[in-house]
Amino acid sequence: MTLDEFEKDLKNNLYKIWNRMSSGSYFPPPVKAAEIPKLHGDGTRILGVPTIADRVAQTVVSKRLEAKVEPIFHPDSYGYRPGRSALDAVRTCRDRCWKTDWAVDLDIQKFFDSVDHDLMVKAVEAHAEVPWVVLYVKRWLTAPMQLADGTVQQRDRGTPQGSAVSPVLANLFMHYAFDRWMDREFPSIRFERYADDAVAHCVTERQAR
């Protein structure tokens with residue numbers, strides 16, 4: 001169903017989603033795998049494209065969870081956050097590069113493909129004040145992916161890029177796995193993070209290593 005088709009019967013389509021979600025009987029359909037090239041010809045990445053109805057349902061949960069976790073997020077976390085952009089991160093990074101001589105540029109390999117579901121759910125449970133948020137996050141994390149040839153692939157790790165709920169889940173996971181860890185282990189080192197990419201600013205080569 002296209003967005004235009006969904007909007008032709010908008011009231012009834014939204015009612016169906018609300019009715020199923022409020023009763024606990026909403027189960028997400030498979031996401032459609034869409035392969036897109038990475039920048040600079042560095043291979044491809046797989047996006048998981050949800051249906052229009054599923055995107056609406058994910059947005060409901062995403063907004064509810066975001067309202068709880070946004071206030072606790074690190075000031076140097078820039079990805080997928082209201083009022084922040086990649087250019088804000090670049091601007092901060094540039095300013096700090098003038099003040100220290102060493103930078104560690106890092107990227108979590110295959111983060112969206114391999115993030116641990118149990119740890120992700122644990123983080124959500126710590127902040128979701130209503131049980132249905134946790135219920136549906138669990139279902140979206142394990143929703144199967146339909147490949148281009150029509151086969152359906154089950155998933156036991158990762159959160160598909162392209163879904164409406166993945167950005168807040170990624171930020172919540174990285175809040176504990178990186179931001180809080182950096183503040184605890186290396187409190188003097190400043191950094192900027194955009195989703196699973198980060199730059200840390202160090203005074204010496206030894207500190208950087």
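Biologist: Let's start with helix α2. What covers its buried residues?

Modeller: Keep in mind that this is a predicted model. To find the cover, you look for what touches the buried residues. For α2, the cover includes α1 (3-8), α3 (52-69) and α7 (131-141).

Biologist: And which residues of α2 are buried?

Modeller: Asn13, Ile17 and Met21. They cover an arc of only 60 degrees around the axis, which puts them on the same side of α2.

Biologist: Why do residues three or four places apart point the same way in an α-helix?

Modeller: An α-helix has 3.6 residues a turn, so residues three or four places apart point the same way.

Biologist: Which exposed residues sit on the face of α2 turned away from the buried side?

Modeller: That face carries Lys11, Trp18 and Ser23. When you colour the helix, try picking out those three against Asn13, Ile17 and Met21, the buried ones.

Biologist: How do I check the length of a helix like α2?

Modeller: Compare the expected span with the distance between its end C-alpha atoms. α2 has 14 residues (residues 10-23) and, at 1.5 Å a residue, should span 20 Å; its end C-alpha atoms are 20 Å apart, which agrees. You can do it again with α3: its 18 residues reach 25 Å from first C-alpha to last, close to the 26 Å expected.

Biologist: What comes right after α2?

Modeller: Gly24, with a positive phi near 80 degrees. Further along, in the loop between α2 and β1 (31-37), you'll find Phe27.

Biologist: Is Phe27 buried or exposed?

Modeller: The cut-off for exposed is over 50% relative accessible area. Phe27 has 57%, so this residue is exposed. As for where Phe27 sits relative to Ser114, their C-alpha atoms are separated by 22 Å, and the two are 87 residues apart along the chain.

Biologist: Back to α3. Which residues are buried there?

Modeller: Quite a list: Ile52, Asp54, Ala57, Gln58, Val61, Ser62, Leu65, Glu66 and Val69. Their cover includes α1, α2, α6 (117-125), α7 and α8 (166-185).

Biologist: α6 turns up in that cover. Which of the residues in α6 are buried?

Modeller: In α6, the buried residues are His117, Met120, Val121, Ala123 and Val124. They cover an arc of only 160 degrees around the axis, which puts them on the same side of α6. Turned away from that side is a face with the exposed residues Asp118 and Lys122. Among what covers the buried residues of α6 are α3, α7 and α8.

Biologist: Now the loops. Where is Gly79?

Modeller: In the loop between α3 and α4 (86-97). Being in a loop doesn't settle whether a residue is buried, so check the accessible area against the cut-off of under 20%. Gly79 has a relative accessible area of 0%, so Gly79 is buried.

Biologist: What is Gly79 in contact with, beyond its neighbours within four places in sequence?

Modeller: Asn171, Arg193, Tyr194 and Ala195. Also, Gly79 and Glu192 are 9.7 Å apart, C-alpha to C-alpha, with their places 113 residues apart in sequence.

Biologist: Ala195 was on that list. Where is Ala195, and what is its phi?

Modeller: Ala195 sits in the loop between β6 (190-194) and β7 (197-202). Its phi is positive, near 55 degrees, in a residue other than glycine. Ala195 counts as buried, at 3% relative accessibility.

Biologist: What about Lys110, is it buried or exposed?

Modeller: Lys110 is exposed, with a relative accessible area of 55%. Its phi is positive too, about 50 degrees, although Lys110 is not a glycine. Look for this residue in the loop between β3 (102-107) and α5 (111-114).

Biologist: Let's zoom out. How many helices and strands does the chain have?

Modeller: Nine helices and seven strands. The C-alpha atoms fill a box of roughly 60 × 40 × 30 Å along the principal axes.

Biologist: What share of the 209 residues is buried?

Modeller: Buried residues make up 40%. For contacts with a separation of 6 or more, 65% join residues 24 or more positions apart. The accessible surface comes to about 12,500 Å², and 55% of that belongs to carbon and sulfur atoms.

Biologist: And how far apart are the mean positions of the positive and negative charges?

Modeller: 4 Å, for 29 positive and 29 negative charges.

Terms used:
Residues are numbered from 1 along each chain as its sequence is written. This is a predicted model: local features need pLDDT of at least 70, side-chain atom pairs count only at pLDDT 80 or more; totals for chains, interfaces and linings use all residues. Side-chain values use heavy atoms; hydrogens and water are left out. Helices (H or I, at least four residues) and strands (E, at least two) are DSSP runs, numbered from the N terminus. The expected span of a helix is 1.5 Å times one less than its number of residues. Buried means under 20% relative accessible area, exposed over 50%, partly exposed in between (1.4 Å probe, protein chains only). The arc is that of the directions from the helix axis to the C-beta atoms. Contact means heavy atoms within 4.5 Å. Accessible areas come from the Shrake-Rupley method with a 1.4 Å probe; for residues, only the protein chains shown count as cover. Lys and Arg count as positive and Asp and Glu as negative; His and the chain ends are not counted. The place of a charge is taken as NZ of Lys, CZ of Arg, CG of Asp or CD of Glu.
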